[in-house]
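Please open the model in your viewer and keep the selection panel at hand, as this tour moves from one cysteine selection to the next.

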Amino acid sequence: MWYITVLFCAVSMLVKLHHGASSSDQFVDLSNKNLSFVPRDLPHTVEYLDLSCNHIRQLHGGDFRDTTQLKFLNMSWNILETIDPEAFMNTLLLQKLDLSHNKLTNLEDQKYLQHTGNLLVLHLDQNQFINMTLGEEFRGLKNLERLTIEAKQIRRDDFMHISELKLVEMFLYVGQEFDYEDKSLQDVQSEKLEISFLKTQQIHHDLVSDALSFFHRVELTNVTQGFQILNDILSATKQIYTTSLYLSNFVIKWKDFTNYVNAVLQTSTLHVTFSDVALTDLPQSDTPVINVSNVRTMSGRRAEVRSVFFSQDAVYNFLINIPVLKLEIVETSIIHMTCPKSPSPIQHLNFSYCALSDSIFYRVVDEKIIECKNLRNVKTLNLVDNNLKNFQIISKRIQYMISLEKLDVSQNSLVYDGFEECLWSPNITTMILSSNSLTENVFNCMPKHIKIIDLENNQVSVVPSTVIKFQNLVSINLNSNRLRDLPVCKGFPMLNTLLLKSNSLHAPSVQKLESCPLLNILDISHNPFTCICSLRQFRNLGMKSERNGTKVNILNWPSGYYCLYPEKLRNTTLRDASIPEISCNTGLLAATILCPAIFTIIAIVVACHHFDVPWYMGMILQWTRAKHRARRQNIPIEDLVGVEFHAFASFSQHNAEWVHDSMLPNLSELRICHHEKHFMPGRTIIDNIMNCVQKSRRSVFVLSAHFVKSEWCHYELYFATHQRQARGPDSVVLVLLEPLPEYLIPSKYHQLKSMMRRHTYLEWPQEKAKQRLFWANLRAALQSNIPSAPATELEE
């Protein structure tokens, strides 16, 4: 057992490091200190004291005289042989006492318990008790909830002194050469009994039989042998007192497992659970399962198989045909699930945290897929965290679950392209679709009678105004998506709750809320608000909500609403941000300025806006600076030995079409290096990136949301920024292909954030009239004198 001691003590050391060396006087960790007695200088205010993993042999009467506030004492993994009856006389508040893994020998002589009347938890297992006879001092533990004990033999009347205690749970560790007398557990009143066997030990018939006769909940752990004994007990006793039966941490053959399931299904128990199970000798053909049962719930968790060759369908067929109301198989690597062979009574199905793909709940007949029609009673279906991909296919798989009301397929990889029609069962009212890859197309794949939709953490950028009407929709969760404004409630007139936390809303349009007559709960917190005039109406709405002056309750106000822009108001709550009315009211502003000046300014502004003068002036200024910089920072030709290209183009593969169709044709007079043409086969990608950066006078980066998600683009930017030290700050040119707010740029791109803040970058204009000047600016930024290209390059 030495290795268990080492493991436990190591864990204690980790706990100690977690709390820190300078923990408060209420928490004192003295584990692993090589102590042989209890220290005399313990703080008077200590509440938690850990003395585990030491060499303390005896507890004396005055060891805890001054620790009157002590509530938790861990004395496990010592060598305790005796405890003075007065040891805990002054610790009247003690609630948890752990004396496990010591050398105590007599359960009838634990006089120290006379002073521990407030104990809630007592651990006495892994000592050297021969008999289980509990002394009279146990009678005084009126508040005890959990008791852990171990002995080699149990006799009647061993527990008579705790017969009046009402325990929540009793843990019974069965020792070597265990001997049990029939009916010995009848004096124990506990809601749950957990029996832990040694891994080489058979199930004890009388012990388990009594457990099933006296306790509502029974758990058997570490079982590896004797399952036939358990099956015999269950088969012989159809009416058992136990309503919840658990098996955990066991290894079992498939035949024994199916016999156990069939046996327990014929008993009066209501809930059956197995966890941390290893199945061996799995079948090649179907195993029969009974058709009718009183069991309501069959739950399995963390099951694994230890067979190589077996029929997966035979395993799945047995599980799906178990006649219970609720079937759960979770945290198990099942990749498929079949359809019951006959109408199933199952009402609740849970296959969460498995490995299921889209190929679920169907059978193949003559090479044709037959959708499942035998799960018509299922009301809730949980498929959380699997490998589901196609949302439309999932609708087909469950279209005949006509009783289905709630579907949870969160934490998958679901997508929907909007091309194929979805075929849902008619009664679905709740769909949990969070943490997938769904876009706004998903609204075209929703059942018409839906009431609650959870689309948190997806890729929805807009709620289409042409969306089909959901007359019953009352709640929609769009937290952590890409929405830029409030949706219009035209498609869901009954909407009551709208959650839009952590999107991209800068200035929500309050007018759109007028289309939501029944809206009661709104959450737009943690968005990048721009505290300018356009936000003033929403700010006023939030302040009215705080005073209960509006029917809409704005959640997380005001702490979750703060300004991102302008810089002087950054991190200021919207409530505290000052947006003066005069700066937003054109009438008041006009009254303070002379009319001719107003007309002149308006004329200039209108003209500039109409002809987009600021943009052209900015682009011309960038072009002039680029030409001036090229003359001023002209690098001698001898310093450019080995440079073959004007620029190396770095871009995400998602933007390759723009690069090939627009950028390269407009820079045809320059020599542009890019990975699709100039990366050398056979060399690593890193070597190719370094080679191209070194052979290019400059590096041009096509920035987009896809760029900052690419690992290879990160490497290219990394090497290019290092090259700037040799080639100058103008050796990196940034082209912003689409808006890229700083908060969307991952922290690892800190160099990119710095360059975007300090250096001018080129923005791609959508208007064609502006694109000629854009290309002129880019050519000016990239133009330079470089050595002649190699012959192979010129030939190309």
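Begin by selecting Cys489 and Cys516, both of which are buried in this predicted model. With the two side chains displayed as sticks, you will find that Cys489 and Cys516 form a disulfide in which the sulfur atoms are 1.7 Å apart. The torsion about the S-S bond of Cys489 and Cys516 is 75°, and the link is right-handed. Now widen the selection to the surrounding backbone: Cys489 sits in the loop between strand S23 (475–477) and strand S24 (497–499), while Cys516 sits in the loop between S24 and strand S25 (521–523), so the pair ties together parts that are 27 residues apart in sequence.

Next, select Cys531 and Cys563, which also form a disulfide, with their sulfur atoms 1.7 Å apart. Which hand does the link of Cys531 and Cys563 have? With -90° about the S-S bond, the link of Cys531 and Cys563 is left-handed. Following the chain outwards from the two sulfur atoms, you will see Cys531 in the loop between strand S26 (529–530) and helix H7 (536–546), and Cys563 in strand S28 (residues 563–565), so parts that are 32 residues apart in sequence are tied together by the pair. If you switch on a surface here, bear in mind that both Cys531 and Cys563 are buried.

Move now to Cys339 and Cys372, which a disulfide joins with an S to S distance of 2.1 Å. The torsion about the S-S bond of Cys339 and Cys372 is about 65°, so this disulfide is right-handed. The pair links distant parts of the chain, 33 residues apart: Cys339 is in the loop between strand S15 (326–330) and strand S16 (348–350), and Cys372 is in the loop between strand S18 (368–371) and strand S19 (380–382). Are Cys339 and Cys372 buried or exposed? Cys339, at 7% relative accessibility, counts as buried because it falls under the 20% cut-off, and Cys372 is buried as well, with a relative accessible area of 3%.

As a further stop, select two more cysteines one after the other. Cys354 is buried, with a relative accessible area of 11%, and Cys713 is buried too, with a relative accessible area of 2%.

To close the tour, you may wish to display every disulfide together, bearing in mind that the structure holds four disulfides, among them the link of Cys339 to Cys372.

Definitions and conventions: Residues numbered from 1 in each chain as written. Predicted model: local features only at pLDDT ≥ 70, side-chain atom pairs only at ≥ 80, totals over all residues. Heavy atoms only, no water. Disulfide = S-S within 2.5 Å. Helix = DSSP H or I, 4+ residues; strand = E, 2+ residues; numbered from the N terminus. Buried < 20%, exposed > 50% of the residue type's maximum accessible area, 1.4 Å probe, protein only.
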